[in-house]
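Open the model in your viewer and keep the selection tool at hand. The stops below go from one selection to the next.

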Amino acid sequence: MSLCLVIDEMHPSLPDLMEKIGVQLHYRPDLKATEVAAALAAHPYDGLMVRSKLRVTAELLAYGPQLRYVCRAGAGVDNIDEEALTAAGVTLLNAPEGNRDAVGEYAVGLLLALFRNIVRADNEVRAGLWRREANRGEEIGGKTIGLLGYGHMGKAFARRLQAFDCTVLAYDHDPNCEANHHATLVSLPELQARAEVLSLHIPYSSANHHFVNDAFLQGFQSPLWLLNTARGEVLDHAALVQVLREGQIKGAALDVLENEKLATLSPEQQARFEYLTAAPNVIMSPHIGGWSFQSYQRINEVLARKLKVFLGV
């Protein structure tokens, strides 16, 4: 029997799924981040399940010497020190398969909203304005869509774009990235030469911090439409504001921001945020791309399958 501490809210299907594979849960979403270390020290947990409440570090792992696995209920693992887990002999399990469809659908929605001025038009009608010509939009058909990153999320978006009769190009730095018929894998220079839309699908890491910066964006030969459903920190928001001002970016849809704790914005971040909120060609949402009712449950199912294999049951 495995004993697992769960410190974040999870879909109610979790207890039944875990019971079937012999995992006993201590379900403690009430725990504050500062209380997790003491909880780990108080019981012989061999598993820890988290969302994004805290960072899993070497210091934290020291309080749970019996830990064998950490489950991240979601795709991104930027709040987990993978080197520390490896050094401690702890296996990391995450669930990008659980919310990839939600992200793929949402990215299509963002692109349609940008191209067809849906948010602006809605606001205008609510204000009593009926401006048809001013809201004439673009079609996805015939466009060249560039994907930066071709993992679970990029592939899910590419699959949905097939219905729009557009060209989909993808770049991934991983030489082992598997191609499929939904997109053509190209070099980064070719992506920059051909793409009219750039959609970000790379995970956050120290190596990817501000990967999309001013030099990167200026390298595109055509003015871009930009989508970010990945992580805010992969995009240099100072550069984004600058290229929006210059017209190098036609419009941007951001589901993630450089700092999503809006009450803690630095003066510089606040100035950028105010520009983005005022810009008529920018759409923002509160990191909900993967946040569907279906993905909420599916993440549990993915983790249960992976944990079953890990435990050998």
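Select residues 108–289 in this predicted model. Over this stretch the chain is 34% helix and 16% strand, and its end C-alpha atoms lie 10 Å apart. UniProt, in an unreviewed entry, gives residues 108–289 the annotation "domain: D-isomer specific 2-hydroxyacid dehydrogenase NAD-binding".

Next, show the open sheet of seven strands. In what order do the strands of this sheet come? The order is S8-S7-S6-S9-S10-S11-S12, and the pairing is parallel. Look at the edges, where you find strand S8 (184–185) and strand S12 (282–284). Each has a single partner strand, so one side of each has no neighbour in the sheet.

Now pick out strand S6 (residues 144–148) and strand S7 (residues 167–171). They run parallel and are joined by five bridges. To find one pairing, select leucine 148, whose bridge partner in S7 is tyrosine 171.

Add helix H7, residues 152–161. H7 lies across S6, S7, strand S9 (197–200) and strand S10 (224–228). Relative to S6, H7 runs at about 165°.

Keep H7 on screen and add helix H5, residues 96–115. The axes of H5 and H7 come within 8 Å and cross at roughly 50°. This angle makes H5 oblique to H7. The crossing of the two helices is right-handed.

Which residues of H5 and H7 meet? On the H5 side, select Pro96, Glu97, Asn99, Arg100, Asp101, Val103, Gly104, Glu105, Ala107, Val108 and Leu111. On the H7 side, select His152, Met153, Ala156, Phe157, Arg159, Arg160 and Leu161. Coloured by class, this contact of H5 with H7 shows nine nonpolar, three polar and six charged residues.

Move on to another helix pair, made of helix H10 (residues 237–246) and helix H11 (residues 267–278). Their axes come within 10 Å and cross at roughly 40°. H10 and H11 are therefore oblique to each other, and their crossing is left-handed. In H10, the residues to select are His237, Ala238, Leu240, Val241, Leu244 and Arg245. They meet Arg272, Tyr275 and Leu276 in H11. The contact of H10 with H11 has six nonpolar, one polar and two charged residues.

Now change the selection to residues 5–302. For these residues UniProt, in an unreviewed entry, places the feature "domain: D-isomer specific 2-hydroxyacid dehydrogenase catalytic". The chain here is 36% helix and 16% strand, with the end C-alpha atoms 18 Å apart.

Show the open sheet of five strands next. Its order is S2-S1-S3-S4-S5, again with parallel pairing. Which strands stand at the edges of this sheet? They are strand S2 (23–27) and strand S5 (91–94). Each has a single partner strand, so one side of each is left without a neighbour in the sheet. From one strand to the next, the twist averages 20°.

Within this sheet, select strand S3 (residues 47–50) and strand S4 (residues 69–72). The two pair in the parallel sense over four bridges. One place to look is glycine 47, which has tyrosine 69 as its bridge partner in S4.

The last selection is helix H12, residues 293–311. H12 lies across strand S1 (2–6), S2, S3, S4 and S5, and runs at about 155° to S5.

Note on methods. Residues are numbered from 1 along each chain as its sequence is written. This is a predicted model: local features need pLDDT of at least 70, side-chain atom pairs count only at pLDDT 80 or more; totals for chains, interfaces and linings use all residues. Side-chain values use heavy atoms; hydrogens and water are left out. Two strands pair if DSSP finds at least two bridges between them. Contact means heavy atoms within 4.5 Å. Axes are lines fitted to C-alpha atoms, for helices over the stretch in contact, and angles run from 0 to 180 degrees between N-to-C directions. Angles under 35 degrees count as roughly parallel, over 145 as roughly antiparallel, 65 to 115 as roughly perpendicular and the rest as oblique. A crossing is left-handed if the near helix is turned anticlockwise from the far one by less than a right angle, and right-handed if clockwise. Ala, Val, Leu, Ile, Met, Phe, Trp, Tyr, Cys and Pro count as nonpolar, Asp, Glu, Lys and Arg as charged, and the others, Gly among them, as polar. UniProt positions are given in the numbering used here, feature names are shortened, and annotations may be inferred rather than shown by experiment.
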